[in-house]
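Open the model in your viewer and keep the sequence panel beside it. The stops below say what to select and what to look for.

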Amino acid sequence: MIKKQKEEIVKHAVLKWQGEHPDKKYLDIKYRETIVLKGIGKVNIGREISSLRNIYKSQQEGTNNTENNLSKEAISWYTKQGMIWDYEAWQEKVYRHAVLKWQALHPEKKYLDIKKKEQIELEGIGLINLGVLISVRRGIYNAMQQGQKYQTCKDLTEEQISWDEDHGMIWNYEAWQEKVYQNAVLEWKAIHPDRTNLDISHKETINLDGIGTINIGQKICLLRYTYKVQIRGERNFKNLTEEQIAWYTEQGMIWDYKKYQEERKGKIYQKKL
């Protein structure tokens, strides 16, 4: 009798939660979430849902005490209400759905160049912090490459890694960005074959196929500033490597723009004479 009463209370709490979240198609309820029922008080709906999920899992594996098994009616009822029996598998499905929607919204993008704060709205689910998920995914992968764990997260499976790569995942974002900026420099030089130096204005941009608009002017200014601070021996957020300095120098980088302008004015003045 007590078990039956508890089941009814939990169902009542589920229905009230749904009434408070009409936009949610699934019972994606946080573990600590509670619902207050009139005449009953506070019900730890999140904990109850988690408990039901664990019972169902054990039941499917045949490791549960049969006395605690969920009835077919209970399973059917919760399934109709949007129960997520396998939360891990559901999260993976939601993540992939969000990636596909982002790609549909950005058909010009070949890679998952997604800012950490970027979100995607999925019907029946709500806002998905896709940028955070991508960042965590990247963290797990890079930790795996070093034979380590990323926080408390599970390792990615080969299938997950393969799916992400097929959809343009950027595992090493820093290296990818460097490659993008170098390609932008080469593209700029191809457009301006008469230029021997990277005399690029701060506001200048370059459009790269499959990537989008690159603020090449801002990047050149930042590189120049970083180099200047580095040469002075002052503290930098991140110094340029010898390879970076050599590559940009070969491309005609103007490390000291003030000196370059003065020399340029001097040459123009001499020509006039």
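## The whole chain

The protein has 10 helices and 6 strands. Bear in mind that this is a predicted model. Start with everything displayed. The C-alpha atoms occupy a box of roughly 105 × 40 × 35 Å along the principal axes. The radius of gyration is 28 Å, whereas a compact globule of 273 residues would have one near 19 Å.

Colour by accessibility next. Buried residues account for 38% of the 273 residues. Then turn to contacts. Of those with a separation of 6 or more, 50% join residues 24 or more positions apart.

## Stop 1: helix α1

Select residues 2-20, which form helix α1. Two residues are worth labelling here.

Begin with Lys3, which lies in α1. Is Lys3 buried or partly exposed? Its relative accessible area is 46%, so Lys3 counts as partly exposed. Now add Asn68. Lys3 and Asn68 are 65 residues apart along the chain, yet their C-alpha atoms are separated by 9.8 Å. Show the contacts of Lys3. Leaving out residues up to four places away in sequence, Lys3 touches Glu67, Asn68 and Asn69.

Go on to Glu20, also in helix α1. With a relative accessible area of 46%, Glu20 is partly exposed. Draw a C-alpha distance from Glu20 to Glu33. The two are 13 Å apart in space and 13 residues apart in sequence.

## Stop 2: α4 against α5

Select residues 87-105 for helix α4. Add residues 130-145 for helix α5. How do α4 and α5 pack? Their axes are 11 Å apart, at an angle of about 115°. Angles of 65 to 115 degrees count as roughly perpendicular, and α4 and α5 are therefore roughly perpendicular to each other. The crossing of α4 past α5 is left-handed.

Show the side chains where they meet. From α4, pick Glu92, Tyr95, Ala98, Val99 and Trp102. From α5, pick Leu130, Leu133, Ile134 and Arg137. Colour this α4–α5 contact by class: there are 7 nonpolar, no polar and 2 charged residues.

Stay on Arg137, which sits in helix α5. Is Arg137 buried or exposed? Its relative accessibility is 8%. The cut-off for buried is under 20%, so Arg137 counts as buried. Expand the selection around it. Beyond residues up to four places away in sequence, Arg137 touches Glu92, Tyr95, Leu156, Gln160, Asp164, Met169 and Trp171. Of these, Glu92 and Tyr95 also appear on the α4 side of the contact with α5.

## Stop 3: the loops flanking α5

Step to Asn129, in the loop between β4 (126-128) and α5. At 39% relative accessibility, Asn129 is partly exposed. Which residues does Asn129 contact, its neighbours within four places in sequence aside? They are Glu118 and Gln119. Add Trp102 and draw a C-alpha distance. Asn129 and Trp102 are 12 Å apart in space and 27 residues apart in sequence.

Now select Gln151, in the loop between α5 and α6 (158-166). Check its backbone. Gln151 has a positive phi of about 55°, although it is not a glycine. Gln151 is exposed, with a relative accessible area of 62%.

## Stop 4: α7 and its two partners

Select residues 173-191 for helix α7, then residues 216-231 for helix α8. Their axes come within 10 Å and cross at roughly 110°. That makes α7 roughly perpendicular to α8. The crossing of α7 and α8 is left-handed. Tyr181, Ala184 and Val185 of α7 meet Ile216, Lys219 and Ile220 of α8. By class, this α7–α8 contact has 5 nonpolar, no polar and 1 charged residues.

Hide α8 and bring in helix α9, residues 242-250. How do the axes of α7 and α9 cross? They come within 11 Å and cross at roughly 10°. That makes α7 roughly parallel to α9. On the α7 side, select Glu178, Tyr181, Gln182, Val185, Leu186 and Lys189. On the α9 side, select Gln244, Trp247, Tyr248 and Glu250. The α7–α9 contact has 5 nonpolar, 2 polar and 3 charged residues.

Finish by showing α8 again. Label Tyr181 and Val185 of α7: both take part in the contact with α8, and both take part in the contact with α9.

Notes: Residues are numbered from 1 along each chain as its sequence is written. This is a predicted model: local features need pLDDT of at least 70, side-chain atom pairs count only at pLDDT 80 or more; totals for chains, interfaces and linings use all residues. Side-chain values use heavy atoms; hydrogens and water are left out. Axes are lines fitted to C-alpha atoms, for helices over the stretch in contact, and angles run from 0 to 180 degrees between N-to-C directions. Helices (H or I, at least four residues) and strands (E, at least two) are DSSP runs, numbered from the N terminus. Angles under 35 degrees count as roughly parallel, over 145 as roughly antiparallel, 65 to 115 as roughly perpendicular and the rest as oblique. A crossing is left-handed if the near helix is turned anticlockwise from the far one by less than a right angle, and right-handed if clockwise. Contact means heavy atoms within 4.5 Å. Ala, Val, Leu, Ile, Met, Phe, Trp, Tyr, Cys and Pro count as nonpolar, Asp, Glu, Lys and Arg as charged, and the others, Gly among them, as polar. The radius of gyration is taken over C-alpha atoms; the globule rule is 2.2 Å times the number of residues to the power 0.38. Buried means under 20% relative accessible area, exposed over 50%, partly exposed in between (1.4 Å probe, protein chains only).
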